[in-house]
Amino acid sequence: MRMAGISPNSFTMAALLPAFTYGREISMHLIHGLLIKCGFESDNIVSTAFICMLAKSGMLLTAHSIFDRMRLKNLVSWNSMILGYAQNGRFQESLQLFVEMQNLGTISPDSFSVVTALCCCSGLSLLGQGKEIHGYAYRAGFMEGNSLVNNAIIDMYGKCGVLEFAERVFCNLRERDVASWTALINSYGLNGKGDKAIHTFEKLKENGEISPNSVTLTTVLSACSHCCMVGEGFKYFRGMSKEFGIQPNMKHYSCMVDLLARAGFYREALKFINEMPISPGVELWQTLLGAATIGGDRLTAEIASKHLMEREPWGKHQYDCGLSLMMSPNYH
């Protein structure tokens with residue numbers, strides 16, 4: 001394009017930047033230098049696209065620096081920075097920006113801002129702030145027909161342990177999608193209400209209009225795991241493919257290992273891993289090692305530790321420490 005004598009404009013640069021997402025830090029600084037040289041740093045469209053790219057690459061300090069230098073911040077700019085912190089697990093900073101945007105008064109958060117903020121409240125179990133954002137969403141009219149906002153509210157109340165509010169929001173929904181059902185099932189599972197989680201899942205199946213997806217099955221299996229409901233967990237796991245056409249993935253297998261381990265069936269969990277049709281990941285062996293260490297099954301813990309050291313040799317010290325602790329005469 002440039003060889004043809006055509007200079008790129010802000011839309012060209014904004015469209016090009018996502019291609020460099022997850023690049024190396026040195027590449028990001030070179031791109032930043034190019035933007036300054038070409039006079040695009042002060043362009044809102046390009047700056048916002050660059051912030052998104054940096055945030056997705058984990059370069060939040062640089063992203064925030066560019067955000068602070070923007071002369072005119074619009075809603076997209078704010079949302080990009082708020083989401084960037086949230087995506088990197090920096091929930092507190094994300095919420096601080098959300099509140100800062102509200103306090104400025106010149107730009108009002110939209111439904112996208114609200115969903116991101118609610119997810120941060122879920123991650124930090126901030127019930128008070130979650131309620132405030134719920135109230136804002138209601139007053140702004142975001143709950144009317146917006147499943148993303150409603151589902152985020154259900155999820156927030158569930159993760160904050162207030163099931164009554166989660167149920168109330170769910171019951172008041174005019175239309176429920178699969179994510180709505182999944183959020184409520186997950187809420188029950190996280191709070192040790194395995195029976196209610198299964199009952200809700202069965203109601204979803206009876207509904208007939210909505211089919212559970214892979215995430216729904218993960219939440220059901222997780223609920224069974226948290227409540228040590230081994231029989232129910234295996235029933236749903238074995239019926240996934242035949243009844244719903246869903247092939248188990250690593251998350252489903254991880255839930256089953258966790259289910260067996262929590263119930264104290266360490267050898268059965270080991271056998272389950274060895275018979276998996278896909279290669280077990282680090283997470284599965286960590287789950288088994290942790291449970292076997294707590295339960296005092298040294299043989300299973302040694303096997304799990306060996307597999308972990310083969311996959312993560314740099315974590316050898318922590319796995320050795322776990323075994324040493326269990327084998328200590330003072331360990332109970």
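What follows is a walk through this helical chain, from the overall picture to a few helix pairs and single residues. Keep in mind that the model is predicted.

Let's start with the whole chain. It has 19 helices and 0 strands, so everything below is about helices and the loops between them. Of its 332 residues, 45% count as buried. The chain exposes about 17400 Å², and carbon and sulfur atoms supply 55% of that area. If you take the contacts between residues at least 6 apart in sequence, 58% of them join residues at least 24 apart.

Now for some packing. Two packed helices are described by the angle between their axes and the distance between the axes. With that in hand, go to helix H6 (residues 91–104) and helix H7 (residues 111–124), which pack at an angle of about 140 degrees with their axes 9 Å apart. How should that pair be classed? Roughly antiparallel would take an angle over 145 degrees, and H6 and H7 are therefore oblique to each other. Their crossing is left-handed. On the H6 side, the contact is made by Phe91, Gln92, Ser94, Leu95, Phe98 and Met101; H7 brings Ser113, Val114, Thr116, Ala117, Cys120, Cys121, Gly123 and Leu124. Sort the residues of this contact by class and you get 9 nonpolar, 5 polar and no charged.

While you're at H7, have a look at Phe112, which sits in that helix. Is Phe112 buried or exposed, or something in between? At 41% relative accessibility, it counts as partly exposed. Leaving aside its neighbours within four places in sequence, Phe112 is in contact with Asn79 and Leu83. Another pairing to pick out is Phe112 with Val149: they are 37 residues apart in sequence, with 8.2 Å between their C-alpha atoms.

Follow the chain past H7 and you come to Ser125, in the loop between H7 and helix H8 (127–140). Its backbone deserves a glance: Ser125 is not a glycine, and still has a positive phi of about 55 degrees. With a relative accessible area of 43%, Ser125 is partly exposed.

Further along is helix H11 (residues 178–190), where you'll find Ala179. This residue counts as partly exposed, at 35% relative accessibility. Ala179 and Asp155 are 24 residues apart in sequence, and their C-alpha atoms are 9.8 Å apart in space.

The next helix pair is helix H12 (residues 194–207) with helix H13 (residues 214–226). Their axes come within 9 Å and cross at roughly 150 degrees. That makes H12 roughly antiparallel to H13, and the crossing is left-handed. The residues making the contact are Gly194, Ala197, Ile198, Phe201 and Leu204 of H12, facing Thr216, Leu217, Val220, Ala223 and Cys224 of H13. By class, that contact has 8 nonpolar, 2 polar and no charged residues.

Leu204 of H12 is a good residue to zoom in on. How accessible is Leu204? At 0% relative accessibility, it counts as buried. Setting aside neighbours within four places in sequence, Leu204 is in contact with Trp181, Ile210, Pro212 and Thr216. Thr216 is also one of the H13 residues in the contact with H12. Leu204 and Thr182 are 22 residues apart in sequence, and 9.3 Å apart in space from C-alpha to C-alpha.

After H13, look in the loop that leads to helix H14 (230–244), and you'll find Cys228 there. This is another residue other than glycine with a positive phi, near 55 degrees. Cys228 counts as partly exposed, at 39% relative accessibility.

The last stop is helix H15 (residues 250–262) against helix H17 (residues 282–295). The two pack at an angle of about 10 degrees, with their axes 9 Å apart, and are therefore roughly parallel to each other. H15 makes the contact with Met250, Tyr253, Ser254, Val257, Asp258 and Ala261, while H17 uses Glu283, Leu284, Thr287 and Ala291. What does this contact hold by class? It divides into 6 nonpolar, 2 polar and 2 charged residues. Asp258 of H15 and Glu283 of H17 are the charged ones.

Key: Residues are numbered from 1 along each chain as its sequence is written. This is a predicted model: local features need pLDDT of at least 70, side-chain atom pairs count only at pLDDT 80 or more; totals for chains, interfaces and linings use all residues. Side-chain values use heavy atoms; hydrogens and water are left out. Axes are lines fitted to C-alpha atoms, for helices over the stretch in contact, and angles run from 0 to 180 degrees between N-to-C directions. Helices (H or I, at least four residues) and strands (E, at least two) are DSSP runs, numbered from the N terminus. Angles under 35 degrees count as roughly parallel, over 145 as roughly antiparallel, 65 to 115 as roughly perpendicular and the rest as oblique. A crossing is left-handed if the near helix is turned anticlockwise from the far one by less than a right angle, and right-handed if clockwise. Contact means heavy atoms within 4.5 Å. Buried means under 20% relative accessible area, exposed over 50%, partly exposed in between (1.4 Å probe, protein chains only). Accessible areas come from the Shrake-Rupley method with a 1.4 Å probe; for residues, only the protein chains shown count as cover.
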